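Here are a few exercises to work through with the model open on your screen. Try each task before you read its solution.

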Amino acid sequence: MEEELKCPVCGSFFKDPILLPCSHNVCLLCARNISVQTPDGETPVQSRASGSSDYDYLDMDKMSLYSETDSGYGSYTPCQLKSPNGVRVFPPVAPHRNCSLTCPLCHRSVSLDERGLRGFPRNRLLEAIVMRYQQTRGIPCSSSSSAVKCQLCDRNPVVATVMCEQCDVYYCNACQQRCHPSRGPLAKHRLVPPPNQAAGGAASGGQQPQLTARKAGTCVDHESENFSMYCCSCKAPVCVKCLEEGKHAKHDVKPLAVMWKQHKCQLSQALNGVSDKAKEAKEFLVQLKNMLQQIQENGVEFEACLVAQCDSLIEALTRQKAKLLTKVTKEKEYKMKVVRDQITHCTMKLRQTTGMMEYCLEVLKDNDPSGFLQISDALIKRVASSQDQWVKGALEPKVGPDFDLTLNTDSLMQTILQLDFCQGKVESGPGVPAAPLLQLEKCCTRNNSATLAWRVNAPAGCPIEGYILELDDGNGGQYREVYVGKETVCTVDGLHFNSSYNARVKAYNAIGVGPYSKTVVLKTSDVAWFTFDPSSAHRDIVLSNENQTATCSSYDDRVVLGTAAFSKVRIILNYMFFHSSVIMYIFHNSLFNFQGTHYWEVSIDRYDNHPDPAFGVARINTMKEMMLGKDDKAWAMYVDNNRSWFMHNNSHTNRAEGGITKGSTVGILLDLTKRTLTFYINKEQHGPTAFENLDGVFVPAVSLNRNVQVTLLTGLEVPKNIKQ
């Protein structure tokens, strides 16, 4: 309650509080200090908005503080004054100026009339409550109320000794010497003792004043009249003369005692509601404090359980490690025993063979023919028998140095990394499925498709109804659902080449959706892979070898385009594509609408009667009935057994010597980064760069007749001898 009884300007208990129109209170002396001057005929807002005037230097300096009347703070030159509570105070207003007062709490400004501060009603009720509060708590109020403090002391203001009549500011001796010297422009100011200094000295006996009976409130406009009525329209008490003057003739005026009781009743009812809320707040605080203690206790207990669970896992892992080490030791001892036995056996045989060889050498040195012939037959058989002992495999180790033991810890490591808390308490009965376990050995990528496999151990009471597979956009973006079903294997086609995708899966049942599995990263191939498209090929084109080989049944040139080789199980990622030209990529994975370099080759399997087939790229809507390069939607190289030329929009350029034969390969290099198309024969560049500034969505294309058979070779990396 003490904060309600202190002035927002000086920070001390209210002294002669006045009630502002905004219902906030301020001391009378503080109100005089924070009132500001405004030029005649102007409101405070207009004065703040003015940018120039004809006032003298002092008036111009005062105008700087008019601009801050909304906040209640300002500055004053040459004497910048500040109250102990941090609010600026100002010199007294001149009689020829209008005045305004800004509330220090809500910053609302109000203009003063000719009555000045006397026009504000005095809050006698607040003053009485302040005096009663000070008396009941033994707070000295006589000296503190009557003794005027210095208005320029920064901290702990002392009792003022002088007051400047011109500045209307109270100074102590130190502040007067520092801020208001008796020289210069201030020499003409008159310094007098504070008006209540004598009263303060008289009240210095140390005894608290006794509370006296308060007089009835008097009207501000008619000081001799007491309030007897209350105007409900103005929401202010009025006297009889105010009613006689007709100021409230059309207002709703009621007796003061009746409205007093009515407002008291309303305030009591409002206090009852606030009291109930305060009671609930106290109970809530008690609940929070109890919860804080419970959290502390439960946290310690839960930490102990967690440590015990982890220790049990570590202990089980330690026991299993000892068993595995025992197996490794047995395997090591077995291998060492086999190798030692083989060393012993081989050493003994080698010693016998070496001794026999030395004996035979000595026999060969002897010059006695008859003696040699007596033992030669037996010795020859013995040597041959010794040689037969070194059969194939005798000089090969029976065991290898490597241990044929493989410890697969991937699944266990993944389970450990997925070890986490389940949301909510574990209850008996069915629950949401556990996180699936991605089988990394079965997850793979091929070209621009990815195959993922997973499994989950579902207990009997926790059935699984299906799975949800999610992939990001290959660029670290948000996840999107690409498969929902009961299968545990899914192949996703239509991915971008040379991209890394993050995949995750979760299971669901009637209870809810389980947690995600561990995220797996899959990288697609960085080269294109496709086949000829039967649907886009001319009816005279015959495809074989899983649509990799193309022949023609007509002597006229026919066009065949490339298309994607989809897997049997496929999910098209529609969310990746937004504009019409890219949507075609869903059905033709060989459409080159992404950045990078792409290279493929066409092998010449049959070449009769020197035809001139064409190889290149075309848009998907090119005319199949025409030869490749005859319109503005195709770019191609025509080549026969002697020379070649480039064709686009029915115009050929850059003839070059050198052709193809049976067994030759024609390479096509499409660089979408540089937007160029280059051709190669037998991996050697043929002619200059064929086309530049290519723009669009392209598919591989071939034009041929019945004298040519070609096979498409894709999924190739750019040869190292080809300069990109």
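**Exercise 1. Find the residue in strand S28 that is the bridge partner of Gly 616, then place the pair of strands in their sheet.**

Step 1. Keep in mind that you're looking at a predicted model. Across from Gly 616, the bridge partner in S28 is Ala 636.

Step 2. Now zoom out to the two strands. S27 covers residues 614–618 and S28 covers residues 634–639; they pair in the antiparallel sense, over five bridges.

Step 3. Zoom out again. The sheet is an open one built from seven strands, and its order reads S22-S25-S35-S27-S28-S29-S30, with antiparallel pairing.

Step 4. Check the ends of that order. S22 (531–532) and S30 (651–657) each have a single partner strand, so they are the edges, and one side of each has no neighbour in the sheet.

**Exercise 2. Work out how H9 and H10 are oriented relative to each other.**

Step 1. Pick the numbers you need: two packed helices are described by the angle between their axes and the distance between the axes.

Step 2. Read them off. H9 (residues 256–365) and H10 (residues 369–389) pack at about 155 degrees, and their axes are 11 Å apart.

Step 3. Apply the cut-off: angles over 145 degrees count as roughly antiparallel, and H9 and H10 are therefore roughly antiparallel to each other.

Step 4. Add the handedness: the crossing of H9 past H10 is left-handed.

Step 5. List who does the touching. H9 brings Lys 349, Thr 353, Met 356, Tyr 359, Cys 360, Val 363 and Leu 364 to the contact. From H10 come Phe 372, Ile 375, Leu 379, Arg 382, Val 383, Ser 386 and Gln 389.

**Exercise 3. Which residues touch the most other members of the largest nonpolar core, and what surrounds one of them?**

Step 1. The core has 35 residues, and the ones to pick out are Phe 615, Leu 677 and Val 710.

Step 2. Ask which strand gives the most to this core: S26 (residues 597–607) does, with four residues.

Step 3. Click on Leu 677 and ignore its neighbours within four places in sequence. What's left in contact includes Val 617, Trp 635, Ile 668 and Leu 669. Leu 670, Thr 689, Ala 690, Phe 691 and Leu 694 are on the list too.

Step 4. Don't miss the other core, which lies apart from this one: 23 residues, including Val 9, Phe 13, Ile 18 and Ile 34.

**Exercise 4. Sort three loop residues, Asn 649, Arg 675 and Gly 687, by backbone and exposure.**

Step 1. Start with Asn 649, in the loop between S29 (643–648) and S30. Its phi is near 55 degrees, which is positive even though the residue isn't glycine. With a relative accessible area of 45%, Asn 649 falls between the 20% and 50% cut-offs, so it's partly exposed.

Step 2. Move to Arg 675, in the loop between S31 (665–671) and S32 (676–681). Here phi is about 60 degrees, again positive without a glycine. Relative accessibility is 36%, so Arg 675 is partly exposed.

Step 3. Finish with Gly 687, in the loop between S33 (684–685) and S34 (691–692). At 29% relative accessibility, Gly 687 is partly exposed. Gly 687 sits 41 residues from Phe 646 in sequence, with 9.3 Å between their C-alpha atoms.

Key
Residues numbered from 1 in each chain as written. Predicted model: local features only at pLDDT ≥ 70, side-chain atom pairs only at ≥ 80, totals over all residues. Heavy atoms only, no water. Core = buried A, V, L, I, M, F, W, Y, C linked by side-chain atoms within 4.5 Å. Buried < 20%, exposed > 50% of the residue type's maximum accessible area, 1.4 Å probe, protein only. Contact = heavy atoms within 4.5 Å. Pairing = 2+ DSSP bridges. Axes fitted to C-alpha atoms, helices over the stretch in contact; angles between N-to-C directions. Parallel < 35°, antiparallel > 145°, perpendicular 65-115°, else oblique. Left-handed = near helix turned anticlockwise from the far one by under 90°.
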